[in-house]
Amino acid sequence: MGHIHKPQDLNEGGHPPVIYPGSIERVDFGEAKDDKFFVIAEVTRGKTEVEWKKLEGTRPFIERRAVLESSENVTEILKSALPKDVSDAIVKLTVEYPRELDSLIDESALRKYAEKAFEFHLVKRPKVEARVRIPEGQTVSSMSPLDLLAQYFESAKVKDAEDLQKLAQEIISEETPDT
């Protein structure tokens, strides 16, 4: 009687009643806001009386989203997206962020913060950057390896790009024989 998750009376007002009280536990976030019920039925020949009883105090499902836009205070921003009391709840935090911030997401700190939750899910959604576009009128073959590398560093917002560019220049210089 709990396989169909939503409470239903398929023969409302008719006899015999065809009733599914639904599952008494939420099983996924699609049911996060659904009320849960059980029924008390008095069955006699030719007559059935049904009383629907709403379950109170069911395990809450808490779903939150956060969008990271900078590397400042990442853990605090993510913690602030969650309610202070997650006791016995099933919690899901979905985080959208630029890929370069991935290493700043401290999953263990978030799990510690949500330790009183029955279950905690962290869903990481790094933003996919658009492909690097070569300027109008240029072709890959017309650009030097260093120019291509510089364009990549710029589009990927690589930290220390200048130092990496110098290192690349040194490597290329060592590999190119003097003519």
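The paragraphs below walk through a predicted model, beginning with a sheet and its core and ending with loops and aromatic rings.

A good place to start is the open sheet, which has three strands in the order β5-β6-β7 and parallel pairing. Strands of a sheet are held side by side through backbone hydrogen bonds, and the pairing can be either parallel or antiparallel. In this sheet β5 and β7 stand at the edges with a single partner strand each, so one side of each has no neighbour in the sheet. From one strand to the next, the twist averages 15°. If we look at the pairing in detail, β5 and β6 run parallel and are joined by seven bridges, and within this pairing Arg64 has Leu93 in β6 as its bridge partner. The helix α1 packs on the sheet, where it touches β5 and β6, and its direction makes about 145° with that of β5.

From the sheet we can move to the nonpolar core. The largest nonpolar core has 20 residues, and those with the most contacts inside it are Leu68, Leu78, Val91, Leu93, Val95, Ile105 and Phe120. Two or more residues of this core come from each of the elements β5 (61-67), α1 (74-81), β6 and β7 (119-127), and β6 gives the most, with four residues. Val95 offers a view of the surroundings of one core residue: leaving aside neighbours within four places in sequence, Val95 is in contact with Ala66, Leu68, Leu78, Ile105, Leu122, Val123, Lys124 and Arg125.

Glu96 can be followed in a similar way, and its place is in strand β6, which covers residues 90-98. Is Glu96 buried, exposed or partly exposed? Its relative accessibility is 29%, and because the partly exposed class lies between the 20% limit for buried and the 50% limit for exposed, Glu96 counts as partly exposed. When residues up to four places away in sequence are not counted, Glu96 touches Arg65, Ala66, Val67, Leu68, Arg125 and Lys127. One of these, Lys127, is 31 residues apart from Glu96 in sequence, and yet their C-alpha atoms are 6.6 Å apart in space.

A second pairing of strands can be compared with the parallel one, since β3 and β4 pair in the antiparallel sense over eight bridges. Within this pairing, Ala41 stands opposite Val50 in β4. The two strands form a hairpin with two residues between them, and in this hairpin Gly46 takes a positive phi near 80°.

Backbone details in the loops also deserve attention. The peptide bond from His15 to Pro16 is cis, with omega near 0°, and Pro16 is found in the loop between β1 (8-9) and β2 (19-20). Asp88, which lies in the loop between α1 and β6, has a phi near 60°, a positive value in a residue other than glycine. Asp160 likewise has a positive phi near 60° although it is not glycine, and its place is the loop between α3 (145-155) and α4 (161-175). With a relative accessibility of 56%, Asp160 counts as exposed.

The last topic is the aromatic rings. How many aromatic pairs does a search of the whole structure find? The search finds three aromatic pairs, and two of them are described here. A pair of aromatic rings is described by the distance of the centres and the angle of the planes. Phe29 and Phe61 form an edge-to-face pair, with 5.0 Å from centre to centre and 70° between the planes. This pair links distant parts of the chain, as Phe29 lies in the loop between β2 and β3 (37-44), whereas Phe61 lies in strand β5, 32 residues apart. Both Phe29 and Phe61 are buried. Phe37 and Trp52 also form an edge-to-face pair, with 5.9 Å from centre to centre and 90° between the planes. Here too distant parts of the chain are linked, with Phe37 in strand β3 and Trp52 in strand β4 (residues 47-54), 15 residues apart. Trp52 has a relative accessible area of 32% and is partly exposed.

Rings can also have charged side chains over their faces. Lys92 lies over the face of Phe29, at 4.8 Å from the ring centre, and Arg59 lies over the face of Phe118, at 3.8 Å from the ring centre.

Technical notes:
Residues are numbered from 1 along each chain as its sequence is written. Side-chain values use heavy atoms; hydrogens and water are left out. Buried means under 20% relative accessible area, exposed over 50%, partly exposed in between (1.4 Å probe, protein chains only). Contact means heavy atoms within 4.5 Å. A nonpolar core is a set of buried Ala, Val, Leu, Ile, Met, Phe, Trp, Tyr and Cys residues joined through side-chain atoms within 4.5 Å. Two strands pair if DSSP finds at least two bridges between them. Axes are lines fitted to C-alpha atoms, for helices over the stretch in contact, and angles run from 0 to 180 degrees between N-to-C directions. Rings of Phe, Tyr and Trp (its six-membered ring) pair if their centres lie within 6.5 Å; planes under 30 degrees apart count as stacked, over 60 as edge-to-face and the rest as tilted. A charge sits over a ring if NZ of Lys or CZ of Arg is within 6 Å of the ring centre and within 35 degrees of the ring normal.
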